[in-house]
Every structure is written in structure tokens, then in C-alpha cells.
Amino acid sequence: MITTTMNTTNHSGDDMPKSDEEWKRILTPEQYTVLREKGTEAPGTGALLHEKRAGMYRCAACGNELFSAETKFDSGTGWPSFDKAIPGSVNLVRDESHDMERTEVVCARCGSHLGHVFDDGPKETTGKRYCMNSVCLAFEENKTLDNPNNA
Ligand SMILES: [Zn+2]
């Protein structure tokens with residue numbers, strides 16, 4: 001039995017917030033700005049930036065499993081970075097805001113904004129760099145996939 005102090009609830013199906021008001025109730029103001037309004041946290045400030053323990057990174061909004069700790073690497077950018085998302089956990093969306101062409105990463109379950117993915121990740125693995133906002137992630141130590149078949 002794993003106990004955790006994390007206050008993330010596992011929202012799915014009928015339980016999933018639908019309105020902005022509902023999201024505002026369950027998220028902190030900073031989480032709401034980044035997750036629901038596609039904001040970006042200041043680099044170097046994220047609580048999970050230097051997290052190195054084994055475990056699972058979930059969507060802070062709905063609890064969806066997004067990244068295994070084994071795929072996290074130090075990109076030097078100031079944001080938590082991963083070279084691989086759990087298959088099916090995120091959707092990629094073309095983003096042309098701020099006069100840039102980027103690929104937005106959103107949670108496949110709740111549609112919340114998580115960050116962007118770039119092609120300058122570690123060449124020895126996937127070459128991808130999932131640049132995530134720490135505030136969008138909830139870390140659960142020593143957690144492995146609920147469904148290992150997804151690995
Ligand atoms: Zn989510």
C-alpha cells in the first residue's frame with residue numbers, strides 16, 4: 001500500500017470538471033493559469049524541476065499518468081523535461097501563438113495545457129524534449145503504471 005500526501009484527485013468520466021468555475025475550485029490560481037489558460041511558469045521555479053526520485057508524474061488537473069521518472073532528464077532550461085510521454089497520455093497540438101511554431105502538449109484525458117515538445121532532446125534516446133510546467137504535474141514516488149501494457 002502506497003500512501004501519499006498528494007492532494008490530486010483522479011478525475012475521470014462524470015467526475016471530470018467541465019466548466020471554468022469547476023476547474024477554478026479544484027486548481028490553485030497558478031495551476032489554473034497554466035493548465036486552463038495555457039500560461040507558462042517562470043523558469044527555474046518549479047517544485048519538481050530537480051525531482052530525481054523514481055516514480056510517476058501525473059496530470060495535476062485530472063490525475064492521468066503522463067511521464068515515468070525514468071524519462072526525466074536535466075535539460076538546463078529551467079523546466080522539468082522528459083524524453084518520452086506514456087503512450088496515449090498526451091495529445092500534440094500545433095501552436096502558432098507568440099509568433100512561433102511550436103507543438104503544444106495537452107493531457108489526452110482532460111485537455112489541460114501541460115507544455116510544449118521540441119526536437120532537441122537527448123539524441124541517445126528519443127531526440128524529443130517534453131518541456132513541462134512543474135505546476136501541471138503531480139509527482140507520486142515509487143509509483144509505476146496502473147496498466148503496464150501501456151508501457
Ligand atoms: Zn489531465
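**View 1. Pairing of β6 with β7 in the predicted model.** Strands β6 and β7 run antiparallel and are joined by 4 bridges. Across this pair, Val-106 has His-113 of β7 as its bridge partner. The two strands form a hairpin, with 5 residues lying between them. Within the turn, Gly-111 adopts a positive phi of about 80°.

**View 2. Pairing of β7 with β8.** On β7, a further antiparallel pairing is made with β8, again described by bridges, here 4. Val-117 stands opposite Tyr-130 of β8. Strand β7 is mostly covered, in that 5 of its 6 residues are buried. Strands of a sheet pair through backbone hydrogen bonds, in either a parallel or an antiparallel sense.

**View 3. The open sheet and its edges.** The sheet is open and consists of 6 strands, arranged in the order β3-β4-β8-β7-β6-β5. Pairing within the sheet is antiparallel. The edge positions are taken by β3 (72-73) and β5 (90-95). Each of these two strands has a single partner strand, so one side of each is left without a neighbour in the sheet.

**View 4. Leu-92 in the edge strand β5.** Leu-92 is found in β5, a strand that stands at an edge of the sheet. Leu-92 counts as partly exposed because 14 C-beta neighbours lie inside 10 Å, between the limits of 12 or fewer for exposed and 20 or more for buried. Apart from residues up to four places away in sequence, Leu-92 touches Thr-103, Val-105 and Val-117. The C-alpha atoms of Leu-92 and Arg-102 are separated by 9.9 Å, with the two residues 10 apart along the chain.

**View 5. The largest nonpolar core.** This core has 30 residues. Ala-60, Met-132 and Cys-136 are the residues with the most contacts inside the core. At least two core residues come from each of the following elements: helix α2 (29-37) and strands β1 (55-59), β2 (65-68), β6 (102-107), β7 (113-118), β8 (129-132) and β9 (137-141).

**View 6. The surroundings of Phe-139.** Phe-139 has its place in strand β9. With 22 other C-beta atoms within 10 Å, Phe-139 meets the limit of 20 or more and is therefore buried. Leaving aside neighbours within four places in sequence, the contacts of Phe-139 are Leu-48, Glu-51, Gly-55 and Tyr-57. Phe-139 and Gly-63 are 76 residues apart along the chain, and their C-alpha atoms are separated by 9.9 Å.

**View 7. Positive phi at Asp-99.** Asp-99 has a positive phi of about 55° although it is not a glycine. The residue lies in the loop between β5 and β6. Asp-99 is exposed because 5 other C-beta atoms lie within 10 Å, inside the limit of 12 or fewer.

**View 8. Positive phi at Asn-142.** Asn-142 is not a glycine, yet its phi is positive, at about 60°. Its location is the segment after β9. Asn-142 has 11 other C-beta atoms within 10 Å and is exposed.

Terms used: Residues numbered from 1 in each chain as written. Predicted model: local features only at pLDDT ≥ 70, side-chain atom pairs only at ≥ 80, totals over all residues. Core = buried A, V, L, I, M, F, W, Y, C linked by C-beta atoms within 7 Å. Pairing = 2+ DSSP bridges. Contact = placed C-beta atoms within 7 Å.
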